[in-house]
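Load the model and keep a selection prompt ready. Each stop below gives a selection and then what to look for.

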Amino acid sequence: MALDALFISHLAQELNELLVGARIDKIHQPTRDDIVIGLRSPNVKGKRLIMSANASFPRVHLTSMARENPASAPMFCMLLRKHLTNGRIISVSAPHLERIIDIRLEVNDEMGISSTRTLTCEIMARHSNIILRDADDRIIECLKRVDLDTSEKRQVLPGLFYELPPKQEKLDPGAYSRAELFDIICNEKGEILCDKWVISSFAGFSPLVCRELAYRAGKDLSLHMSELSMAQRERMASAICEIAGGSAAPCIVYDGKQPYEFSFFPITQYEATMTAEVRGSLSDTLAEYFEIREVRETMRQRSHGILQVVKNAYNRTQKKLALQREELKKAENREEIRERAELISANIYRLEKGMTSFVAQNYYRNCEEVTIKLDSRLSPQENSEKLFREYRRMKNAEKYITEQIAAGEEELIYLESVLESIEKAESEADLSEIRDELAETGYVSRQNDRRGAKRTALRPYRFTSSDGYTIYAGRNNKQNDALTLKSAMKGDLWLHTKNIPGSHVIVECAGEELPDRTITEAAIIAAYYSRARESVNVPVDYARVRYVKKPQGAAPGRVIYTNYYTAYVTPDEELCKKLMQKD
């Protein structure tokens, strides 16, 4: 992982400068692996400290992002509150070449006597942990208990003395001069890739850093140590010396708009294929990188259940429609069946039971001769009646199947809108509203809240246009209905992507003529909060709310409208963020 020992060493120094003297205000545990600590300090106004032992996103940094907290605090959170609330941070440090951050605090114990506590966050992927230690370095409690069954080498349990993880048998890159590093590199001439050799030889470097060192040495990540020239070995020694002993200059590497990698120094190995942006703070770098990925991954996990339900329903409806269309296609041939039945009736005097076919002149088609097959087990009259019954069945089926196909197509449109709502869900509250909607439409069974807690109703997204008009966008189909059919005035402007699932957008204007800029911004919001957010030139229809109606029995979010115009815009995430109002 990119959060290696050298990064953590620089991070501890940065946090030490910011947090020493800060008081612990509040402690929350929003998820099983995350602890969020509120601080009273002029250096961190509006920010909290997050310590995460999540296997995918372990980290420590300051954050401004609000998180949903459970109705009742977990036991570990309650214990931290007991020991650390109102405690004062004395120091933030990192053991040498360890992916560990220690926060020492001055607290008052149960007897009111001043004592110290250490809150430790071990950042080690699936072995990550958060541990509370007393003044004698005994473990008071830990987020994840590690017993003999889990690890024979190192146990982490209440009452045991805290021990650092076993040391790696690798070199300390900061303990050698450039000349000594050059000698070490020159002694290695094996058939091993340069970055693999660095990671196996030196402690504290992540794979990303090792690839960067190899790139700076030879500009080619496929080089082996035996292929390096003396000049390239000198460049590698200089790079190791610079990175191990230099100051931090954090950066984030972007693949398009998505954060791809981060480090405590500028990364050059991706050249023009990706963009590296330098940041001013290690903590802000981690917040920017992890929080985007964490929100996306957390929502992916939480939404998996209802997403699968909706996808299954969507696939099932598609298969059903395919069968119905095939059946409808067969019904198109019913006139031929009627013709055959009438030709049998017209020639019945020539036919006898047991015949398998006969030739007749088809007076429906210029008296062409046609061979008509018969069921030898039936009489001529029964053959004719059988075909007439088949004709009537197909005729009735055509009307019924046509109605079913129309209903199925409506259902697909609705399910696509639900999928779009799930994709843009930002919190558990968003998912809860979507679950309620699916329960009302019969796709899932309604879940009772065992605690009887009443959920706070979510508000639609709210924006202010550059001309000062308030714009709303629904988060899901139920909100879309409420926003368009209940909250909006008849003279307000309504917008929605044309034939594409997305949010209903309302511009409050009470019949007033809107500036073109506001209409364009509202259309961009409608395009961004739709399934076309990654597209360009997205068609967005807009009309006054008085021209928007909901058909009787229509699915949530489904409306019809008239007297509309169409604008073509390209979704713009930055503009949406700029115009959005924070509640």
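Select helix 11 (residues 477-487): this helix lies across strand 16 (470-473), strand 17 and strand 18, and it runs at about 145° to strand 16. Helices and strands here are DSSP runs numbered from the N terminus, with H or I and at least four residues for a helix, E and at least two for a strand. Angles run from 0 to 180 degrees between N-to-C directions, with axes fitted as lines to C-alpha atoms, for helices over the stretch in contact. Add helix 12 (residues 516-528), which packs on the sheet and touches strand 15, strand 16, strand 17, strand 18, strand 19 (538-544) and strand 22. Contact means heavy atoms within 4.5 Å. The direction of helix 12 makes about 40° with that of strand 17.

This is a predicted model, in which local features need pLDDT of at least 70 and side-chain atom pairs count only at pLDDT 80 or more, while totals for chains, interfaces and linings use all residues. Residues are numbered from 1 along each chain as its sequence is written, and side-chain values use heavy atoms, with hydrogens and water left out.

**The sheet**

Next, show the strands under these helices. The sheet is open and has six strands in the order 15-16-18-17-19-22, with antiparallel pairing. Two strands pair if DSSP finds at least two bridges between them. Which strands stand at the edges? Strand 15 (461-464) and strand 22 (565-569) do; each has a single partner strand, so one side of each is left without a neighbour in the sheet. On average, neighbouring strands of this sheet are turned by 25° against each other, direction ignored.

Zoom in on strand 17 (residues 493-497) and strand 18 (residues 505-507), which run antiparallel and are joined by three bridges. Pick Leu-493 to find one bridge partner in strand 18, Val-507.

**Helix 5 and the core around Met-236**

Move to residues 207-218, which form helix 5. The expected span of a helix is 1.5 Å times one less than its number of residues. For the twelve residues of helix 5 this gives 16 Å, and the end C-alpha atoms are 17 Å apart, which agrees. Ten of the twelve residues are buried, where buried means under 20% relative accessible area, exposed over 50% and partly exposed in between (1.4 Å probe, protein chains only). Among the buried residues are Leu-208, Glu-212, Tyr-215 and Arg-216. To see what covers them, display helix 4 (194-201), helix 6 (230-245) and strand 11 (258-263), which are included in the cover. Just after helix 5, Lys-219 takes a positive phi of about 55°.

Now select Met-236. Leaving aside neighbours within four places in sequence, Met-236 is in contact with Ile-185, Cys-194, Trp-197, Val-198, Leu-213, Ala-214, Ala-217, Met-225 and Leu-228. Phe-205 and Met-236 have the most contacts inside the largest nonpolar core, which has 75 residues. Helix 1 (residues 5-19) gives the most to this core, with seven residues. A nonpolar core is a set of buried Ala, Val, Leu, Ile, Met, Phe, Trp, Tyr and Cys residues joined through side-chain atoms within 4.5 Å. Another core lies apart from this one; it has 29 residues, among them Ala-526, Val-569, Cys-576 and Leu-579.

**Salt bridges**

The structure holds 29 salt bridges, each a side-chain nitrogen of Lys or Arg within 4 Å of a carboxyl oxygen of Asp or Glu. Three are picked out here.

- Asp-102 and Arg-133 meet at 3.2 Å, N to O. Asp-102 is in strand 6 (residues 100-108) and Arg-133 in strand 8 (residues 129-133), 31 residues apart. Asp-102 is buried at 10% relative accessible area, and Arg-133 is buried at 7%. Add Asp-137 to show the network of salt bridges that links these three residues.
- Arg-325 and Glu-409 meet at 2.9 Å, N to O. Arg-325 lies in helix 7 (residues 282-331) and Glu-409 in helix 9 (residues 380-423), so the pair ties together parts 84 residues apart in sequence. Arg-325 is partly exposed at 41%, as is Glu-409 at 36%.
- Glu-288 and Arg-279 meet at 2.8 Å, N to O. Glu-288 is partly exposed at 25%, and Arg-279 at 22%.

**Last stop: Thr-285**

Keep Arg-279 displayed and select Thr-285, which lies in helix 7. Is Thr-285 buried or exposed? At 0% relative accessibility, Thr-285 counts as buried. Not counting residues up to four places away in sequence, Thr-285 touches Pro-250, Cys-251, Ile-252, Phe-262 and Arg-279.
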